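User: I would like to learn how to read contacts, strands and cores in a model. Please take me through one case.

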Amino acid sequence: MRGRTVWVGTSWKMTKTLGEARAWVDTVVTGLTASARAAAPAGVQPFVLPAHTALASVRDLLGPASPLLLGAQNAHQGPEGAGTGEVSMRMVADAGAELVELGHSERRASFGETDATVALKVRAALDAGLRPLVCVGEPGPVRDAGEEIGFVAAQVAAALAPVRPEERGRVLLAYEPVWAIGEHGRRPETAEVAPVLAEVARLGGGGSDGERPLVLYGGSVDQGNAAALLEDPSTDGLFVGRAAWEPEGFLGLLAIA
Ligand code: PEP
């Protein structure tokens, strides 16, 4: 995968007040500048997905020449209007998002998001000019049963169904095995995730003019395993939770990439 741009991003999930968001951005931008990189390291595309409440503030803090792409962690698939408590694709784009994360396992498990919902959101995101970052990944029992490839393949197929061939290059697919995610997650061996990443990459093919989704890995990534995970030939980058919530952690991961 060397020679291609490596994507390294974090979702802050349900963390960070506006003050905490400002402190993170200040430290990351200062860190990039201090390392004589007004932008991110060459060949690295960093991104950050704040909570909706912090999106516009982070956009303003980063400014127009930001080295970081900005994204939302979710948005609704429907038109604006009767959707109390929800935020539309157009609204997150207006607040500064260029990416939108869809189908994270926490949303699938706790908020009723199905493959069908995710497909609707993918279409709505593309129509709003956003790049969908779709999370796929098998729960532990599916892995234990040895059925992870088929499970993830079905999620990828559903996510790509509404994507036109010429749009495939706008999609990011994050393989995040549920058993590896979060504080109760188990750090994966690279050999455990490599076959699934290869299948996700294979399924992403078939776009026009070679357009294909980027493939990221997420789940218990940290500075100890990032380099090994990035060696995977199917992987375009890393999607990180906890290990990047402290700005120094994020800078450390960018340096490794
Ligand atoms: C996630 O929840 O998407 C994630 C990658 O979390 P963590 O890195 O904390 O396991």
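Analyst: Start with contacts: two residues are in contact if their C-beta atoms, placed from the backbone, lie within 7 Å. This is a predicted model, where local features need pLDDT of at least 70, side-chain atom pairs count only at pLDDT 80 or more, and totals for chains, interfaces and linings use all residues. Residues are numbered from 1 along each chain as its sequence is written.

User: Which residues is Ala243 in contact with, leaving aside its neighbours within four places in sequence?

Analyst: Val221, Asp222, Gln223, Gly249 and Leu253. Ala243 sits in the loop between β8 (237-240) and α10 (247-256). Helices (H or I, at least four residues) and strands (E, at least two) are DSSP runs, numbered from the N terminus.

User: Is Ala243 buried, exposed or partly exposed?

Analyst: Count C-beta atoms, placed from the backbone: a residue is buried if 20 or more others lie within 10 Å of its own, exposed if 12 or fewer, and partly exposed in between. Ala243 has 19 other C-beta atoms within 10 Å, so it is partly exposed. Its C-alpha atom is separated from that of Thr10 by 8.7 Å, although the two are 233 residues apart along the chain.

User: What about Pro247?

Analyst: Pro247 belongs to helix α10. It is partly exposed because 18 other C-beta atoms lie within 10 Å. Not counting residues up to four places away in sequence, Pro247 touches Trp24, Thr27, Val28 and Gly31. From Pro247 to Gly31 the C-alpha distance is 8.8 Å, across 216 residues in sequence.

User: How should I read the two faces of a strand?

Analyst: In a regular strand the side chains alternate between the two faces of the sheet. Take strand β1 (residues 6-11): six of its six residues are buried, so β1 is largely enclosed by the rest of the structure. Val6, Val8 and Thr10 lie on one side, Trp7, Gly9 and Ser11 on the other.

User: Which strands does β1 pair with?

Analyst: Two strands pair if DSSP finds at least two bridges between them. β1 pairs with strand β2 (residues 44-49) in the parallel sense, over six bridges. Gly9 has Phe47 as its bridge partner in β2. β1 also pairs with β8 in the parallel sense, over four bridges. There, Thr10 stands opposite Val240.

User: How does β4 fit in?

Analyst: Strand β4 (residues 99-102) points Leu99 and Glu101 one way, Val100 and Leu102 the other, and all are buried. Strand β3 (residues 69-72) and β4 pair in the parallel sense over two bridges. Ala72 has Val100 as its bridge partner in β4. Four bridges join β4 to strand β5 (residues 131-136), and these two run parallel. Leu99 stands opposite Arg131 in β5.

User: And how do I read a core?

Analyst: In soluble globular proteins, nonpolar side chains tend to be buried together. A nonpolar core is a set of buried Ala, Val, Leu, Ile, Met, Phe, Trp, Tyr and Cys residues joined through C-beta atoms within 7 Å. The largest nonpolar core here has 67 residues, and Val100, Val134, Leu173, Tyr175, Val200 and Leu238 touch the most other members. Helix α8 (residues 190-204) gives the most to this core, with six residues.

User: Which residues does Val100 touch, not counting residues up to four places away in sequence?

Analyst: Among them are Gly71, Ala72, Met89, Val92, Ala125 and Leu133.
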